[in-house]
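Let's take a stroll through this structure together, one piece at a time. Have a look at the model first, and then we'll start with a simple question.

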Amino acid sequence: MVFMAIMLPVLFVMSAMVVNLAYMQAINTKVQVVTDASARAAGAAYVETGDEAAGLAAAQLLASLNPIETTTLPISASDLEFGLSERNATGKAYTFTASPGTNGNSVRLTTNSFAGGAGTALETFFSIGGTNVEIRPTCRATHSQTTLDVAVVVDRSGSMRYAANEDSGSGNPPAAAPPGWSNGCL
């Protein structure tokens, strides 16, 4: 009985710690997801318009549309870095270089203002020593918009009219052909 009387409070304390740690990790993951999405929104707006204010507005809008629990991730102008991402060779990772005021292709978002105390803090489920601990992770995400060449290829040959399991050389119309179908050949 004495052993149970001693171990039961210890078990409750350890359980509370495990719940708090799991919750802190879940909040960190949610903040990272919102940071990633906000960086992507900021990067797309910045590359499209060349306007850093438009990038900030896009990041803030996306963060407001995706609250973490009941808290909106605050994003300030100091959280965003605008610059250029380049890679040295095919297959290599892009390297971000901050260069404000230039017409870059990349935005880096770091949640410094949230970690520094801006906005409502998220708190642990169980207090530690009678005090709720604030959860304010610092997360970082970089979005790079690169130029891609796209080619549209259309194959209009007769063999494309038939399904993969049909014989195009039989002279019969495709099984999916409507009544009165003509292959357009003279």
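Where is the place of G116? You'll find G116 in the loop between α3 (112-115) and β4. Keep in mind as you look around that this is a predicted model. G116 has a relative accessibility of 69%, so it counts as exposed. To get a feel for distances, try jumping from G116 to T49: the two are 67 residues apart in sequence, and their C-alpha atoms are 30 Å apart in space.

Now for the sheet. Four strands make up an open sheet, and reading across it you meet them in the order β2-β1-β3-β6, with antiparallel pairing. At the edges sit β2 (95-98) and β6 (140-144), each of which pairs on one side only. Going from one strand to the next, the twist averages 35 degrees.

Let's zoom in on β1, which covers residues 80-86. Towards β3 (residues 106-110), β1 pairs in the antiparallel sense over 4 bridges. Within that pairing, F82 has V107 in β3 as its bridge partner. There are also 4 bridges between β1 and β2, and these two strands run antiparallel. Here S85 is the residue to look for, since its bridge partner in β2 is F96.

What lies across β1, β3 and β6? That would be helix α1, made of residues 2-49, which runs at about 30 degrees to β6. One residue to pick out in α1 is S38. With 0% relative accessibility, S38 counts as buried. Leaving out neighbours within four places in sequence, S38 is in contact with A59, L62, A63, I75 and L109.

Next, the aromatic rings. A pair of rings is described by how far apart the centres are and by the angle between the planes. How many aromatic pairs does a search of the whole structure find? The search turns up 2. In one of them, the ring centres of Y23 and F125 are 4.4 Å apart and the planes are at 45 degrees, so this pair is tilted. Y23 belongs to helix α1, while F125 is in the loop between β4 (122-123) and β5 (134-135), so the pair ties together parts that are 102 residues apart in sequence. Are these two partners buried or exposed? Y23 counts as buried, at 14% relative accessibility, whereas F125 counts as exposed, at 55%.

Y46 and F82 form an aromatic pair too, and it is tilted, with 4.7 Å from centre to centre and 50 degrees between the planes. This pair links distant parts of the chain, with Y46 in helix α1 and F82 in strand β1, 36 residues apart. Y46 is buried, at 0% relative accessibility, and F82 is buried as well, with a relative accessible area of 7%. You've met F82 before, as the bridge partner of V107.

Another ring to visit is that of F114. The charged end of R136 sits over this ring, 5.4 Å from its centre.

Time to look inside. In soluble globular proteins, nonpolar side chains tend to be buried together. How many residues does the largest nonpolar core have in this model? The core has 22 residues, and the ones with the most contacts inside it are I27, V31, I68, L73, I75 and L80. At least two residues come from each of α1, α2, β1 and β3. Helix α1 gives the most, with 7 residues.

L73 is a good place to pause, as one of the core residues with the most contacts. Not counting residues up to four places away in sequence, L73 touches V31, V34, T35, A63, I68, T111 and F114. Two of these names should ring a bell: A63 is also in contact with S38, and F114 has the charged end of R136 over its ring.

One last stop is E69, which is found in the loop between α2 (52-65) and β1. E69 is not a glycine, yet its phi is positive, at about 60 degrees. Is E69 buried, exposed or partly exposed? With a relative accessible area of 40%, E69 is partly exposed.

Note on methods:
Residues numbered from 1 in each chain as written. Predicted model: local features only at pLDDT ≥ 70, side-chain atom pairs only at ≥ 80, totals over all residues. Heavy atoms only, no water. Pairing = 2+ DSSP bridges. Axes fitted to C-alpha atoms, helices over the stretch in contact; angles between N-to-C directions. Contact = heavy atoms within 4.5 Å. Phe/Tyr/Trp six-rings, centres within 6.5 Å; stacked < 30°, edge-to-face > 60°. Buried < 20%, exposed > 50% of the residue type's maximum accessible area, 1.4 Å probe, protein only. Lys NZ or Arg CZ within 6 Å of the ring centre and 35° of its normal. Core = buried A, V, L, I, M, F, W, Y, C linked by side-chain atoms within 4.5 Å.
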